[in-house]
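Q: Could you take me on a close look at the open and enclosed spaces in this protein, and at what surrounds them? I would enjoy one connected walk through that part.

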Amino acid sequence: MPNGAVILRPGVNVEFTPAFNEAGISSCDLIRFRDGLTEKLGGWTQFYDFPIGSTVRSLHAWQDLDSDRWLGVGALSSLSVISEGVRTTITPQTTTTNPAVDFSTTNSSPTVTIVDAGITPSTLNTIFISTQVAIGGLILFGVYPIATVTGATSYTITASSNANATVANAGAVPAYTTTNGSSTVSVALVAHGLAAGDTFYALVSTVVGGVTVSGQYLVQSATANAFTILVASPATSGATVSENSGAARIKYFITIGPQSAASGYGLGGYGMGGYGLGVAPATGSGTPITSTDWTQDNWGEILLACPELGPIYTWRPSTGFQTASIIEAAPIVNTGMFVAMPQQQIVAYGSSVIAGVHDPLLVRWCDVSDYDQWTASAINQAGSFRIPSGSRLVGGLQAPLRGLLWTDIDLWSMQYVGPSDVYGFNKLLSGCGLVGKHAMGVLGGAVYWMALNQFFWMGSGGPQPLPCTVWDVVFQDIDTDNLEKVVCAVNSSFSEVTWYYPSASGGTGAIDKYVKFNPLEKAWDYGSLARTAWIDQSVLGEPIGSGTDQFLYQHETSRNADGSPMNSFFESGYFVLAEGQEFVFIDMLYPDMKWGTFGGDGDASVQITVYTVDYPSAPRRTHGPYTMTEASTFINTRCRGRLAAIRIESSDLGSFWRAGRIRYRFAQDGRR
């Protein structure tokens with residue numbers, strides 16, 4: 001009897017029918033491709049012994065000046081760092097108060113004293129005044145560090161200019177007056193300094209005369225102590241109402257310094273291995289923030305972390321601070337940020353124009369090597385640029401040779417050009433917007449990302465669509481209500497780019513599936529595995545990902561799924577046994593496999609199943625599964641048909657396999 005052979009092409013194709021996908025692979029899970037062959041995916045082990053406590057959205061690894069290695073972990077309810085198995089929670093804390101306006105100024109001085117019974121002040125804290133307060137010829141509005149503590153409930157800040165009067169325990173917020181049937185609202189605010197055409201910001205929503213004053217407005221006319229604005233609809237009555245009922249609104253960004261020597265060592269973690277629960281979470285007069293997402297980077301040994309639509313925080317290992325600290329000069333509202341090269345500058349995107357007013361298309365950057373300077377001038381390289389297309393900036397990263405920014409519909413480059421423009425912005429491609437801020441990655445000098453209904457990549461030739469042979473699996477099943485959760489995971493060691501995404505069939509809104517591309521093999525595959533955040537190989541070694549179980553896992557460190565078997569498999573398309581009316585009988589199958597790693601034990605146990613059909617749409621007959629090991633020489637199959645497919649799978653512990661050439665013995669078996 002003659003022998004036949006099938007050499008399977010690398011890559012999975014679900015666009016073709018099984019019969020059309022001859023010598024191809026049609027379905028799989030937990031596999032990869034190397035040198036044209038299919039093998040079991042690498043396994044993973046726990047990186048940290050305890051769950052983080054909420055879903056992780058961002059990971060970042062770096063090393064400090066003492067050569068200690070750190071992992072920043074941005075989760076829904078915490079920001080923490082891990083080093084040598086010990087986790088320290090550094091979640092920023094905030095609190096918001098609405099005190100009666102009790103401000104004091106001194107003539108010709110920028111110092112302002114504030115009394116607020118709702119807070120225990122500290123010079124480590126920063127405040128954000130969101131109701132404009134008029135006092136002593138000043139308008140206090142925006143971010144101010146606390147300069148000095150003057151009492152149990154009082155402190156000073158430094159205004160941007162000197163007061164022109166000495167005023168004690170006073171001040172006023174804007175007062176709005178409406179006229180029945182008119183869209184014009186008069187705003188009383190002493191020494192406001194605005195002129196017709198300027199912008200007035202009302203950050204605390206106020207209902208007056210049947211209309212709502214909230215957002216930003218063009219000043220229509222102005223006098224020294226009042227001005228007018230236009231609201232969206234006519235008032236239904238005449239009334240006067242002060243913003244926030246006449247009270248100030250102050251948000252405190254609370255930083256907690258090092259623990260005192262007598263405060264103990266925390267709840268565990270004396271060094272290697274993480275024997276306890278890490279350092280106890282910091283406590284103070286605020287509430288730890290929560291965030292739907294984070295972006296992280298590092299500025300030398302300093303960790304940078306930005307919660308979704310929040311400010312940018314810093315944390316330096318050597319200071320011992322228990323919470324991350326706000327960068328006071330940086331935009332207070334940001335979609336995300338990254339550190340740009342070749343100059344060291346933080347680039348914030350989707351940033352606030354002034355105070356807390358969010359502009360979803362605004363890009364801002366700090367001065368070179370100085371993240372405390374964000375105001376552009378002739379002697380620095382800080383600046384800003386508003387992307388003129390799209391609805392919002394979704395994500396950004398420092399790619400080779402340039403920064404890249406994605407809106408919901410297109411891709412922009414920001415190329416460093418030096419003073420005075422600093423950066424040149426160019427739209428590279430439309431119709432390729434990013435689905436989520438973590439849905440892009442860099443591998444081998446090329447950038448890959450997921451758009452709404454397609455994958456894209458960009459190398460030296462510019463951005464272009466990335467053909468996908470598993471498009472149906474991904475885009476016909478992706479949960480479009482949770483696209484912002486998509487995570488791009490680069491594994492440089494194996495030249496792989498993976499996207500973890502939530503499926504509609506899963507029905508939970510959580511990430512549960514993945515699709516993977518190997519640019520060297522030009523091969524796609526897919527499967528079921530959840531990773532909510534990821535970093536490529538780093539100072540901490542092999543890639544680290546976070547699971548929906550809130551544990552962190554280091555990949556390529558095992559042949560197992562954190563101590564459990566990996567259920568890896570692939571199934572081929574049909575290969576033709578006979579054309580026309582003839583049937584073929586197969587009585588033997590010869591295994592051709594690598595049964596272990598080089599120099600290791602060849603102890604893999606693999607199951608092979610053969611499927612045969614008479615016609616492509618006919619019910620298939622199942623033969624097996626047959627168990628094969630390194631000692632197996634052949635398998636008696638005794639099956640017949642015109643088309644056949646093969647499934648190879650394994651679920652044993654600690655094994656590795658790679659499939660080679662599939663050979664079989666056959667004979668013509670007539671027409672019936």
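A: Here is a walk through the pocket and the cavities, followed by the rings, loops and cysteines of the protein.

Please keep in mind that this is a predicted model. As a setting, the protein has 672 residues, of which 55% count as buried. Its secondary structure comes to one helix and 59 strands, and the C-alpha trace spans about 105 × 65 × 45 Å along its principal axes.

Let's begin with the largest pocket. About 920 Å³ of space lies in it, and 31 residues line it. Leu59, His60, Gln296, Leu397 and Ile535 are the ones that lie nearest its centre. The strands that each supply at least two lining residues are β6 (56-63), β27 (294-299), β31 (336-340), β35 (393-399), β39 (440-443), β43 and β47 (533-535). Among these, β6 gives the most to the pocket lining, with five residues. By class, the pocket lining divides into 16 nonpolar, 11 polar and four charged residues.

Two of those pocket strands lead into loops with backbone features of their own. β6 comes before the loop between β6 and β7 (69-75), where serine 67 lies. The phi of serine 67 is near 70°, a positive value in a residue other than glycine. Serine 67 counts as partly exposed because its relative accessible area is 48%. The other strand is β31: proline 342 is found in the loop between β31 and β32 (345-349). The peptide bond from methionine 341 to proline 342 is cis, with omega near 15°. For context, most residues other than glycine have a negative phi, and most peptide bonds are trans.

Now for the enclosed spaces. The structure holds five cavities of 30 Å³ or more, and the largest of them has a volume of about 130 Å³. That cavity is lined by 14 residues, with Leu41, Thr498, Tyr500, Trp534 and His555 lying nearest its centre. Two or more lining residues come from each of β43 (487-491), β44 (496-502), β45 (511-518) and β49 (552-558). β44 contributes the most here, with three residues. The cavity lining has six nonpolar, four polar and four charged residues. Strand β43 is a name to remember, for it is listed among the contributors to the largest cavity and also among those to the largest pocket.

Strand β49 takes us to another loop. Glutamine 550 lies in the loop between β48 (544-546) and β49, and its phi is near 75°, again positive in a residue other than glycine. Glutamine 550 counts as partly exposed because its relative accessibility is 23%. A little further along the chain, phenylalanine 551 and tyrosine 553 form an aromatic pair. Their ring centres are 6.5 Å apart with 40° between the planes, and the pair is tilted. Phenylalanine 551 counts as buried at 18% relative accessibility, and tyrosine 553 is buried too, at 7%.

That pair brings us to the aromatic residues of the whole structure, which holds 26 aromatic pairs. Ring pairs link Tyr448, Phe455, Trp457, Trp471, Phe475, Trp499, Phe517 and Trp524 into a cluster. Rings also meet charged side chains: arginine 620 lies over the face of tyrosine 611, at 3.7 Å from the ring centre. Likewise, arginine 647 lies over the face of phenylalanine 569, at 3.9 Å from the ring centre. One more backbone feature belongs on the tour, the cis peptide bond from glycine 624 to proline 625, with omega near 10°. Proline 625 lies in strand β55 (residues 621-628).

Finally, the cysteines. The count of disulfides comes to zero. Cysteine 28 has its closest cysteine sulfur in cysteine 468, 12 Å away, which is too far for a bond, because a disulfide needs the two sulfur atoms within 2.5 Å. Cysteine 366 is in no disulfide either, as the nearest cysteine sulfur, that of cysteine 306, is 13 Å away. Cysteine 28 is buried, with a relative accessible area of 4%, and cysteine 366 is buried as well, at 0%.

Technical notes
Residues are numbered from 1 along each chain as its sequence is written. This is a predicted model: local features need pLDDT of at least 70, side-chain atom pairs count only at pLDDT 80 or more; totals for chains, interfaces and linings use all residues. Side-chain values use heavy atoms; hydrogens and water are left out. Buried means under 20% relative accessible area, exposed over 50%, partly exposed in between (1.4 Å probe, protein chains only). Rings of Phe, Tyr and Trp (its six-membered ring) pair if their centres lie within 6.5 Å; planes under 30 degrees apart count as stacked, over 60 as edge-to-face and the rest as tilted. A charge sits over a ring if NZ of Lys or CZ of Arg is within 6 Å of the ring centre and within 35 degrees of the ring normal. On a 1 Å grid over the protein atoms alone, a cavity is a set of points where a 1.4 Å probe fits but cannot get out, and a pocket is an open set with protein on both sides within 12 Å along at least five of seven lines; lining residues have an atom within 4 Å of a point. Grid points are joined across faces, edges and corners, and a volume is the space filled by probe spheres set on the points. Helices (H or I, at least four residues) and strands (E, at least two) are DSSP runs, numbered from the N terminus. Ala, Val, Leu, Ile, Met, Phe, Trp, Tyr, Cys and Pro count as nonpolar, Asp, Glu, Lys and Arg as charged, and the others, Gly among them, as polar.
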